[in-house]
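Grab a coffee and open the viewer: here are a few exercises on strands and pockets. Try each one before you read the solution.

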Amino acid sequence: MVFSGSCALDTNNTAGYGKDAVLGLYTSADVSQTQSLVWSKDNGKTFEFYPANPIITLESEARDPNMFWDEKAGQWVLLLAHALEHEMLVFTSPDMKEWTLQSSFGKGIGAQGGVWECPDLFKLKVDGTDEEKWVLICNLNPGGPFGGSATQYFVGDFDGKTFKADTDSEGKIPTKWMDYGKDHYATVSWSDAPDNRRTVIGWMSNWQYAAEVPTMQYRSANTLPRDLSLFRAPDGNIYLSSAPSPELLALRDKLSVNVKKANIRKKAVRYSLPEANSGVCEILLDVDARKSEQINFIIANNDGEKVVMEYDVADHTLSFDRRESGNVDFSQDFPAVTVSPTFEDNGKISLRIFIDRSSIEVFGNNGQFVMTNLVFPERPYTSLSISSTGGNARIENLKIYSIKE
């Protein structure tokens, strides 16, 4: 059977099927998992199978081939998940047919709780500098920070054959998470996107309960598209930023709330969410909490169903509590509180929140921290309430847009 893989344009006709032929590698799954090659001469409408498949065979499970053309070395580079060994394998090839194993990465590194899947490897610039680093994506299940599926990543260097991860001030390779929600997995990226962007989407669910979610006609959706970049945080380490792709601006409809300045006190101030399109909306919120200890954000409906988010100023964290968000009793693993570092040291955060019918995606400080969580309210959420404890704070900007149907 054809399992997951990836495709690339063969602009140099390395495989001999013509310039710009679409080459695809996929995992052939039967008694064992092997890797196979297909090609298309009609821009992906139809594919032909390479008669000498499989092209890579290992003695243990390996899957999810992800390849790119290395211009500097003049060769293809392939990342393959050696799933049960908790490592990523690096192969190279001149023609996509004959592959040489060059190195492996991952033994004893990062989160090791479950199988490693869906690898990716690409180069990005560090914001505000000319420095370039490589990012290796590793999806893990189980073993995520809040149970089940999650996406970890490593920042480092790649010489065309070997990936070497950066270490922190203690000489250790830190475990870093691309998203601090429960429902972000199997992240995949597109290379050569417009404006040299690196755009990704993830699968918006978790293997702990993916087959049990209370939805009809579908079992899951993908996340909103996100553009990646790197930034250096106050702790000196380089992290991955996932900001909403600019095309999402086209989804905005009517501006229903527009607040330029407002005080936040112990008594909550309440704002109505749009009723159009079943309450699907986008919230933009800038908060200055330097004189406060904690800011509380509650998204709720009139039935008492609610999501509670708390920004802890001293701990530099944002939590997301969905234990009373609606239907939560279909799985013991679904009621949860997720927590993300905010990667700031000044008591200010900017939130961009997308509320859909059964999901909430929170982007903080232009994607420097992200939380993606499913929610299943019986009725759409209708209000956003904001309060402060341990001192007053200020809303510097608040806008709420309905989303087009």
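Before we start, two strands count as paired if DSSP finds at least two bridges between them. Keep in mind that this is a predicted model.

**Exercise 1.** Work out which residue of strand 31 is the bridge partner of N296.

*Solution.* Start with the strands: strand 24 covers residues 294-300 and strand 31 covers residues 383-389. Next, look at their directions, which are antiparallel, with seven bridges joining the two. Now go to N296 and step across to strand 31, where you land on S387.

**Exercise 2.** Put that pair into its sheet and find the edge strands.

*Solution.* The sheet is open, has six strands and reads 22-31-24-25-26-27, with antiparallel pairing. Walk to its ends: strand 22 (269-272) and strand 27 (337-341) each pair on one side only, which makes them the edges. As for twist, neighbouring strands are turned by 15 degrees against each other on average, ignoring direction.

**Exercise 3.** Describe the lining of the largest pocket.

*Solution.* First the space: about 1,500 Å³. Then the wall: 46 residues line this pocket, and F68, F122, S191, D192 and R198 lie nearest its centre. Strand 10 gives the most, with eight residues. Sorted by class, the lining has 20 nonpolar, 11 polar and 15 charged residues.

**Exercise 4.** Do likewise for the second largest pocket.

*Solution.* Here the space is about 320 Å³. The lining has 24 residues, with M204, N222, D356, S359 and E361 nearest the centre. By class, that's 13 nonpolar, seven polar and four charged.

Conventions
Residues are numbered from 1 along each chain as its sequence is written. This is a predicted model: local features need pLDDT of at least 70, side-chain atom pairs count only at pLDDT 80 or more; totals for chains, interfaces and linings use all residues. Side-chain values use heavy atoms; hydrogens and water are left out. Helices (H or I, at least four residues) and strands (E, at least two) are DSSP runs, numbered from the N terminus. Axes are lines fitted to C-alpha atoms, for helices over the stretch in contact, and angles run from 0 to 180 degrees between N-to-C directions. On a 1 Å grid over the protein atoms alone, a cavity is a set of points where a 1.4 Å probe fits but cannot get out, and a pocket is an open set with protein on both sides within 12 Å along at least five of seven lines; lining residues have an atom within 4 Å of a point. Grid points are joined across faces, edges and corners, and a volume is the space filled by probe spheres set on the points. Ala, Val, Leu, Ile, Met, Phe, Trp, Tyr, Cys and Pro count as nonpolar, Asp, Glu, Lys and Arg as charged, and the others, Gly among them, as polar.
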